[in-house]
Amino acid sequence: MSEDQQPDLKTSTNNQPPKLIVVGVGASAGGLEALQSLLSNMPTDSGMALVVAQHLSPSYKSMMTELLEKESTISVVTAVDNAPIEPNKVYICPPNSNIEITANDRIKLLSYPDVRHTPRPSVDMLFESIAEHKNDFAIGVVLSGTGTDGSRGIRAIKGENGFGIVQDPHDAKYDGMPNSAINSGHVDLILQSTEIGHELKNIIHFPRNTGIDNDGTMPRETYHGIIKQLKARRNVDFSLYKENTILRRIERRMTSLKIHHSADYLAHLQDNKDEINYLFNDMLIGVTSFFRDPRAFDNLQRELTNYIQNKSNKSLRFWCVACSTGEEPYTLAIILSEILGDKIDDYKIQIFATDIDQNSINFARLAIYPETALNFIPRSIKNKYFVLNSEQYEVIKPIKSKVIFSVHDVNNDPPFLRLDLITCRNLMIYFTVELQRQILPMFHYALNPKGLLMLGQSESIGVFQEQYRPLSKTGKIYETLFVGKQLPPERKANRGVTLSTNNIQELKPLLSSQHNRNKVDAELANIIADTLREYVLPNAILLNENQDIIFTQGDNALLVRPTGLPSNNIFKNLHPQLSIDLRSAFHNIQNGQKIADTGYQSFNLNGNNVWVKLILLSIEREVAIRQLNSDFFAN
């Protein structure tokens, strides 16, 4: 390779010994043939270890190790508990056990604690342990088999920047497990079983990035070009996400495509609209489970119990940010059920669960999960709140009914308001400090006085000690504090990368459409129509909580356009004679009145003497229309 052809993503050159790459391999029916094909074509010097979970009958004496040893190019052994994992060796899980790995690269065999309803050993459990301990040195391979085992685990591996490979369903004797993994959207390569060994070695030797604008790494201009494409085509701004996280996602896509130069990948991204979706989906993978970190949820249950006991009404509004596939909001509903018991029907409960990923939201609404998702749940809770549904577990309807799922970008869309609890766990670790300092004040504004905020174990409130008081340091639970009037935080309208005029013209069809604009206009008009049904009024103005005009109806001569920089603030656009009385009416609305007015005033409009009165009505909206959060209606 010539000097000008050298890849701009390269391997780090520190003096640390190479970290062992562990490949988890999952198989079921037809897996023996696939494993024989894989191992007979495995390079002898890959430097990685393979740990195999092949579904086996617990009462059947397996000859798996002996059969694979005959075909394999590397050593094959039956796994032994606590044995060290060595490179260029294959470890086969014995019958009647589950297999995992530990943080110090050892085998961990587990007996079954209770009656299991899913195949054994669990491929998901193996993959999830590899993801937890190996991070981006983890690889998952799903081979022939029936069912869905491995699909959740390969998501966990991808969520930790690992790599996912699936046997081509046309090559597999049974295509259930391969198809399930592919349909999850978390697969990097689909290969013939004979090709997998060679590709594993290619993955190891593919250059890794060391940053942006360092010698031989990704140029910042190229990085921003990729971010612009994501923003323009998927309407999500990743510019304030931590660069290393984004780089690893980009690198993984380049590895899958065997593209060495980031500029070539940007060109591929521009020319292939499907690649935008693949990269976008890679950005969004999150790892979650029911009652993840049980001690933290024990602390939350205690603090919620105290909060509810001191609450003056029986309305509870929670917001689970970045809910992924739904385990956390359902966990919150279960905790509420445990706290309230048979009094739960006396309360109006709304748990808003949001995520940027439409696929995750669709999955969450189904409320059906594999058994491995319930690993942290006590048996009594599992039996009380889940029903077995064809080898998977479904959340019972009374719990499902408490949760409202919606696609929402916390970095861009307005928050839900009047909240008693916000959970935002393991999201802000991916944000820059600048973005964190925008999100935390926004949460503070959205919460009721003494409302609760729960963060992830690696997250904190940073510089906002005057806004939050820690209630549980181990559970990362905080209580909101208020000093003076509660005001909406400032959000930067144009953060991060911007689009040039040429970009905007080129991508204009992707950014907006007249159909969507008409849809929003129609919904805003419906809000006005619904609110004014009992009034006979000719003109209307819809405002948000910041007192900005977001919609008007009728030919309103009281509205004026100010000189200078444009503003939608009602006081900048309304006849100044009405300002003092309007502020007084707003004050009455903010103090709880549902309707207020300014009283009649005499005006000379267009040469005519007229009497004018403004009537204000408060509108409560549960879910915002994208960037709308309307609370005041003025006419």
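**Two sheets and an annotated site**

Let's start in the middle of a strand: Val141 has Ile165 of strand 8 as its bridge partner. Strands here are DSSP runs of E with at least two residues, helices are runs of H or I with at least four, and both are numbered from the N terminus.

A word on the model. It is predicted, with local features needing pLDDT of at least 70 and side-chain atom pairs pLDDT 80 or more, while totals for chains, interfaces and linings use all residues. Residues are numbered from 1 along each chain as its sequence is written, and side-chain values use heavy atoms, leaving out hydrogens and water.

Now, the sheet around that pair. Strands 7 and 8 run parallel, joined over 4 bridges. Pairing requires at least two DSSP bridges between two strands. In general, such pairing goes through backbone hydrogen bonds, parallel or antiparallel.

The whole sheet is open and has 7 strands, in the order 3-4-2-1-7-8-9, with parallel pairing. At its edges are strand 3 (75-78) and strand 9 (189-191), each paired on one side only. Neighbouring strands are turned by 20° against each other on average, direction ignored. For angles, axes are lines fitted to C-alpha atoms, for helices over the stretch in contact, and values run from 0 to 180 degrees between N-to-C directions.

At one edge, strand 3 pairs with strand 4 (residues 89-92) in the parallel sense, over 4 bridges. Ser75 sits opposite Lys89 of strand 4 there. Helix 5 (residues 176-183) packs on this sheet, touching strand 1 (22-27), strand 7 (138-142), strand 8 (163-167) and strand 9. Its direction makes about 140° with that of strand 8. Contact means heavy atoms within 4.5 Å.

Back to strand 8. Is it covered or not? Mostly covered: 5 of its 5 residues are buried. Buried means under 20% relative accessible area; exposed is over 50%, and partly exposed lies in between, using a 1.4 Å probe and protein chains only. Phe163, Ile165 and Gln167 point one way, Gly164 and Val166 the other. That follows a general pattern: in a regular strand, side chains alternate between the two faces of the sheet.

Strand 8 also runs parallel to strand 9, with 3 bridges between them. Gln167 stands opposite Leu191 of strand 9. Two right-handed β-α-β units meet the eye here. One is strand 7, helix 4 (residues 151-159) and strand 8. Another is strand 8, helix 5 and strand 9. Right-handed means that, with the strands pointing away from the viewer, the path from the first strand over the helix to the second runs clockwise.

Next, the annotated site. An unreviewed UniProt entry places the feature "active site" at Ser28, His55 and Asp149. They are spread over 122 residues of sequence but cluster in space, with a largest C-alpha distance of 9.7 Å. UniProt positions use the numbering here, feature names are shortened, and annotations may be inferred rather than shown by experiment.

Where does Ser28 lie? In the loop between strand 1 and helix 1 (31-40). Ser28 counts as buried because its relative accessibility is 10%. Leaving aside neighbours within four places in sequence, Ser28 contacts Gln54, His55, Ser144, Gly145, Thr146 and Met177.

On to another sheet. This one is open too, with 7 strands in the order 15-11-10-16-17-19-18 and mixed pairing. Strand 15 (403-407) and strand 18 (468-472) each have a single partner strand, so one side of each is left without a neighbour in the sheet. The twist averages 20° from one strand to the next.

Strand 17 (residues 447-455) and strand 19 (residues 477-480) run antiparallel, joined by 3 bridges. Leu453 is opposite Tyr478 of strand 19.

Strand 11 is largely enclosed by the rest of the structure, because 7 of its 8 residues are buried. Strand 11 pairs in parallel with strand 10 over 6 bridges. Cys320 stands opposite Ala353 of strand 11. From strand 10 the chain crosses through helix 12 to strand 11, a right-handed β-α-β crossover. Strand 11 also pairs in parallel with strand 15, over 5 bridges.

Last, helix 12 itself (residues 327-340). Of its 14 residues, 12 are buried, so helix 12 is largely enclosed by the rest of the structure. Among the buried ones are Tyr330, Leu332 and Leu336. Just after helix 12, Gly341 takes a positive phi of about 60°.
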